[in-house]
Amino acid sequence: MTALRVLAARVRGLWSRRRGDAELDDDIQAHLDLLTEEYVHRGLSRDDARAAARRAFGGVERMKETYRDQRGLRFVAGLMQDARYAGRMLRRDPAFTTVAVASLALGIGASTAAFSLFNAVVLRPLPVAESQQLVVLEPQRRGGRFVLFNPVFEALRRQQRTLSGVFAVSDEPFLNVTFDESAPVYVRGSLVSGNYFAVLGLSPAIGRLLTDRDDDVSGASGGACAAVISHQFWMRRFDASPDVPGRTLRVRERVCTIVGVAPAEFVGHQQGYAPDVWLPLRPLTDRKLLESPRMAFFSGVMGRLASRVDAARAEAELTTLYQQILAAGRDPHPADFRIHVAPGAQGLDAVRRQFGAPLTIVLALVGAVLLIATVNVANLLLARGAARMPELSTRAALGAGRGRLVRQLATEGSVLALLGGLLGIVLAWLGTPALASLVSLGYTTITLDVSADRRVTAVAAATIVLAALLAGVLPALRLSQATLRTGMARDGRTTIGHAQRLTRALVAIQLALSLLLVTAAGLLLRTMRHLSGIDPGFQPAHVVLLDVRDETPGSSFGKADTAEEKAERAALYRTLDDRLNAVPGVYAASVSWLGLFGGSDLWLPLIDVDRPENRPLARVDYVSARYFDTMGMQILRGRGFSDSDREGTDRVAVVNEALLRARFSGSDALGRRLALDYQGEQQRPFTIVGIVRDSKYNDLREDRTNPMMWVPLAQAPFRATSVALRTQAGAESIVARRAEEVLRSTDPHLMLRKTTTLSARVDQKTARERLLLGLSSGFGVLAVLLAGVGLYGTLAYAVSRRTRELGVRLALGAQRHAVLRMVLADALKLAAIALVVGVPLALATAASLRAFLFGVTPLDPTALVGGCVVLVVAALLAAYIPARRAAAVDPIVALRWE
């Protein structure tokens, strides 16, 4: 207890230093006064008595230091003193402080923001109990991704023993729901197995969660349908009303009762996708679809490992069962299939699969930026510290040891790191949401939780510590070698020598790392140029797209539409098509079943009437009359569709060149007849009336064009999902609003899901490359700027130290342009060293970008040479001002400099 009281007293002493010093001064003065009076009583004069008292007392300042050491914590007090001194030194040089803090803030801020996004996409676990026990079941066929059909999933779930629970998920980003008899709206939904919440180990905020009983289709649920809403949706739509359990909603012609609210911390089973409502999967899925052995509907399957079971054992058991089930179903090659059990702590991986690798590369790039920033500050501190050699030598001569000098200098660097770190955290907080907005899947809105958690906080702290070590301790160790002799010798009398070697090495490292970033940006820029230079076969500019869904009730899987239903739908789409084409500012409008670059695809066997035994696959889409005009596709021969091509007339089709080559060996196909190998279509062939130029369909990277056939929507009226309008330039937003009004007024069951443009949809297919290009370009510019500042600071300091030498050279007849070339040549030497080191690093980085490149190789000479040119030009620009300053030295002033 005594030791604790002493420690507490010492800690209090740190915060009451002034009062303690005043009390100590009073005590010392009182003691001196008493001694003085005692010597006066002994017969000494007042002055002699005062002098004798001081001699008897000893050194006052030494006594004060002794008591201060006993009163407080000496080391902490010394650090506080060093910090105050560092603050005064930094205030005396605001330009240096601003550059150093800004450099570190940019490096730390970029690193923290990039890691926050990486953490949100890749690392953040689901907020559930023992998330490390969750696994994702990934079916594979011959090593590639596959899907689990429901009969196989159900058999696996019944027979497996290594998982304590397994559930399936079918995400519905646009789920048509009607609340309390209001107008139908789209919400984000997830159809899940009944044990979904139980396997995840969640408890409701209010009410209850879904159970296996809710997912039963055998009648045990009594025909009722249960629903659970998210906490956020409960707050947003129901104002957190406690009586929300018991309210109803209508979905897929069924009335479901809200039975509970999910816990607030649980957003969903996949990063970025936050369902508003969870519904039982089986009761809301068509029974024929559930029983079909070839219709997949799962977004993913997850489970939880049983006690004392690892992933390898579960994978072995599930793969064996999977193959047995397929063999029982007479699959000819069951050994081609397996179940891969992947870690599921972070949930399903749709977002992680697309953006995990790019964000990993971004982390590496931003790490290089952080290193450049810290090296830049270390370089500036070395240059600034070299000018303080006399001060450091004087401190050493007065008895300061190397450790004391290191602590003082390291404190200055640490203060800079702390200030830069705090500002960087603010920049990261402001910039992370902007980075998160670059992550998109196109077909649904991604909402990432980029808030700081323990990992983000730890990384931010680690970057600050790293900056303090590199920018503070490294220069401190180098500068603390100062002695009285070396300090006096270097006081403006030497050229660049041993003292500058470390500084020059750091500058070369900065330039080399900058080359790495600039080369990566160059490769990605050339990739985007190649992608943008691809002719897609259509004209995406000024085309507005409306993603729609025909929510007319009545249809189901496996049920053929009646003739009356087809006629009504065809008439509805003709009316919609006519109204859209009448909208002011619209050149052409069309309605289609799938549309371009929508992510959907339909392949059907085509029956050649002349060769019915040959039935190759081809893509098929159903479109309205002005589709080809709207998309800007070129009809090479024949004609497109017209308003007269409708049900009851001769059935017609348009095919692309690829189908012409594959099906008819390139000969003219006009007049040939093809039928769809599909229910009710085999005996109703289409006559080819037009040949359209080949075009991309879902991806600009398609290496070859696949066979494609279009048929009139009026002759095979499937439910439309896409509306396209070619507009006048600049009229896109106005046309989009009017088209939405037309959609609502034509039929309330035609519901709008999303409005975009064809250009944006095409660009979305290169979202990963654009993310990498944007970030690498920004980081590259930042790296070159920081490296340029470092080189400028080094050369400017070298010129100032060589002022006397330069004056002598000029006085002896040296030409000013020769001095200018000498300084520029020094910069080029550093750039040459950086190229030697940086080129191998740049090539290694380029190899990691191979999967994101298109039309270029990692060894692309243009990108590498371009990066080298940028580096050399940046070095010359950074060196120009110091070179001009050196050439402008006045010899007379220089010789009088000392």
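Reader: Leaving aside neighbours within four places in sequence, which residues is W710 in contact with?

Author: This is a predicted model, in which local features need pLDDT of at least 70, side-chain atom pairs count only at pLDDT 80 or more, and totals for chains, interfaces and linings use all residues. Residues are numbered from 1 along each chain as its sequence is written, and side-chain values use heavy atoms, with hydrogens and water left out. Contact means heavy atoms within 4.5 Å. With neighbours within four places in sequence set aside, the partners of W710 are D621, V623, Y627, F628, M633, F641, A653, V654, V655, N656 and V692.

Reader: How many residues does the largest nonpolar core have?

Author: A nonpolar core is a set of buried Ala, Val, Leu, Ile, Met, Phe, Trp, Tyr and Cys residues joined through side-chain atoms within 4.5 Å. Buried means under 20% relative accessible area, exposed over 50%, and partly exposed in between (1.4 Å probe, protein chains only). In the largest core, Y622, W710 and L725 have the most contacts inside it, and the number of residues is 120.

Reader: Which helix gives the most to this core?

Author: Helices are DSSP runs of H or I with at least four residues, strands are runs of E with at least two, and both are numbered from the N terminus. The top contributor gives 12 residues and spans residues 350–386; it is helix 12.

Reader: How many residues are in the second, separate core?

Author: Among the members of this second core are W234, V277, L290 and I339. It is separate from the core described above, and its number of residues is 48.

Reader: Which parts of the chain does the disulfide of C225 and C256 tie together?

Author: A disulfide is counted when a pair of cysteine sulfur atoms lies within 2.5 Å, and the count here comes to one. The sulfur atoms of C225 and C256 are 2.0 Å apart, and the link is right-handed, with 75 degrees about the S-S bond. C225 counts as buried at 4% relative accessibility, and C256 counts as buried at 0%. The pair ties together parts 31 residues apart in sequence, because C225 lies in the loop between strand 5 (206–207) and strand 6 (226–229), and C256 in strand 8 (residues 254–261).

Reader: How many residues apart are E154 and R282, which meet in a salt bridge?

Author: A salt bridge is a side-chain nitrogen of Lys or Arg within 4 Å of a carboxyl oxygen of Asp or Glu, and the whole structure has 31 of them. The side chains of E154 and R282 meet at 3.2 Å, N to O. E154 is buried, with a relative accessible area of 11%. E154 sits in helix 7 (residues 150–159) and R282 in the loop between strand 9 (277–280) and helix 10 (287–291), and the separation is 128 residues.

Reader: Is D214, which forms a salt bridge with R208, buried or partly exposed?

Author: The closest N and O atoms of R208 and D214 are 2.9 Å apart. R208 has 35% relative accessibility and counts as partly exposed. D214 has 10% relative accessibility and counts as buried.

Reader: Which residues are joined into one network by salt bridges that share partners?

Author: D645 and R639 form a salt bridge, with the closest N and O atoms 3.0 Å apart. D645 is buried at a relative accessible area of 7%, whereas R639 is partly exposed at 35%. Elsewhere, salt bridges with shared partners join into one network R124, D449, D453 and R455.
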